[in-house]
Amino acid sequence: MGNRVGQLCLIVGAFVVAVITTVASVNAPLVAVGAVALLLLALFALVQQMDSWRWLLGLTVALLVCASSKLPALVEASFYPRYAAVAALIVWALRTPGRTVARLDRWTRLLIGALWAMAGLATLSFTWSVVPLETLQRGVALLLLAALVHVLIRFRWSDRAVMLADLRVVYLVLSGSALISLSFGLTDGTLLAALSQTDRFEGLYNNPNMLSIVCALTTPLGWAVYRQSQRRVELLGMVPATACLLLSQSRTGLIAVLVGALWVVLRHGLGRVVRLAAGLAAGLLMAYLFNLLPIIFAGPWMRQLVLRFTDPTGGDLSNGRTEMWQATVDLWWQNRPALGFGYASRNHLFALASLDESFGAGVSVVHNSYLQLLLELGLAAVAPLALLLLAVGRVALRAPVRRADSGLVWLVVTGLLIQVTESAIFGTGQTYPYVFWLVTAGVLLHLPGARADDGVEPSPAPAHPHQAHPPVDAAPRRPMPVPVPVLR
């Protein structure tokens, strides 16, 4: 009964949002299209018979996507509701009847503790921040992120099958946003411009880099969903995500996805690497024999993509990022090395610093999550960041790379590399940190042998083996015939 009431509330809420957004955006019909897409998502959730929490999760991710949009109406409509939705997820998970409590190993506790420490430090920094109100607001949002990760790991995701089903909902919403981005681009002409000219594609999002970050996580997440279900239809969501990633021409996203995939292949062993290399060589040879290589590499968008990796725009191949990094280090070290300027103060800080001729105008972003933490929280953030990176490194090195875990490890490595040239690892208003930290914590929780490492006794075997559920990642087993004694 409660599940039906929750589904009804979600449908009504999505319908109300669609109507309000459509009325408020008479001069922006694309916003109305996005609202209708939100309503369709709610209807899809009803058809799939998802439970109420999962359906709220889908709505939350959709609100986070809208908050990263280039359409002002969507941003305004989702600014505060996204945080309310995250808080509702936490409360709902805590009030779920019959929930089981997971016994966390020391590495999972380390991740959760470091995440709480980082969120607490960020919130406390409002006392010395150059923009106290902004820091306090964003700090509370980061506390919500830490609480969501903690609650899911502690209660809801003690069952690995539940975790993977929840992540499938995230994948559907993100792949849907990529598909809507392509539709928007076809409507306003930006898609054709990206294909025929030198423009970078941004779709629904506020810039091409934001689109690439989301799609770089969506692609390995889709692979994880496919490997878990073994249904090829799940791969369809990877198509728009991969297309948007290529059209965004983001070097960071492309390199991170490829390196993450290569890392998983290397973890599989030398034999898998040799087979992959042989397959790629055979494919290139066939393309050469059928004269397909000129067709592939002669397109305007492909030439522009190649130039992104070869043309030293702005003086170097980093598009001026090295200059931004040096300016960031100088501003931090020469002024507030211990505590920084306050969490989420970067925008206001650079606006003030750009007035100083000695600092240099034109530098407005850091484009490196780790340097941005030093700028905003100083040396005080080094310890919790180091602990978080240790936990992420354990996932990359120790998590298995079979079935769904291959995609999840791929996502974690990809997300870690993206932050070298992007600044979103704790960007609470974006989709990236929620997906990245939830997946990292989920994989860490279910590492094989994690309970044994912590000295926790494994759960006793069920009294009736025929009633036990098969392992999530295990292949179905055929029943063994029982020999019947022959009476002589």
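This short talk goes from the whole protein to one pair of helices and then to one residue, Thr440.

What you see above is a predicted model, and I would like to begin with its overall make-up. The protein has 22 helices and zero strands, and of its 488 residues, 48% are buried. If we take the contacts between residues at least 6 apart in sequence, 77% of them join residues that are at least 24 apart. The accessible surface comes to about 23,900 Å², and carbon and sulfur atoms account for 68% of that area.

Let me now turn to one pair of helices. Two packed helices are described by the angle between their axes and the distance between those axes. For helix 20, which covers residues 404–418, and helix 21, the axes come within 10 Å and cross at roughly 130 degrees. That angle makes helix 20 oblique to helix 21, and the crossing of the two is left-handed. On the helix 20 side, the residues in contact are Leu408, Leu411, Val412, Gly415 and Leu416, and they meet Tyr432, Val435, Phe436, Val439, Thr440 and Val443 of helix 21.

From that list I would pick out Thr440, which sits in helix 21, residues 432–445. Is Thr440 buried or exposed? Thr440 counts as buried because its relative accessible area is 0%, where the cut-off for buried is under 20%. Where does its side chain reach? The side chain of Thr440 comes to 2.8 Å from the backbone oxygen of Phe436, and Phe436 is itself among the helix 21 residues that meet helix 20. Leaving aside residues up to four places away in sequence, Thr440 touches Leu111, Val392, Val395 and Val412, and of these, Val412 belongs to helix 20.

Methods
Residues numbered from 1 in each chain as written. Predicted model: local features only at pLDDT ≥ 70, side-chain atom pairs only at ≥ 80, totals over all residues. Heavy atoms only, no water. Helix = DSSP H or I, 4+ residues; strand = E, 2+ residues; numbered from the N terminus. Buried < 20%, exposed > 50% of the residue type's maximum accessible area, 1.4 Å probe, protein only. Contact = heavy atoms within 4.5 Å. Areas by Shrake-Rupley, 256 points an atom, 1.4 Å probe, with all protein chains shown as cover. Polar contact = N/O pair within 3.5 Å; in protein donor to acceptor, adjacent residues only side chain to side chain. Axes fitted to C-alpha atoms, helices over the stretch in contact; angles between N-to-C directions. Parallel < 35°, antiparallel > 145°, perpendicular 65-115°, else oblique. Left-handed = near helix turned anticlockwise from the far one by under 90°.
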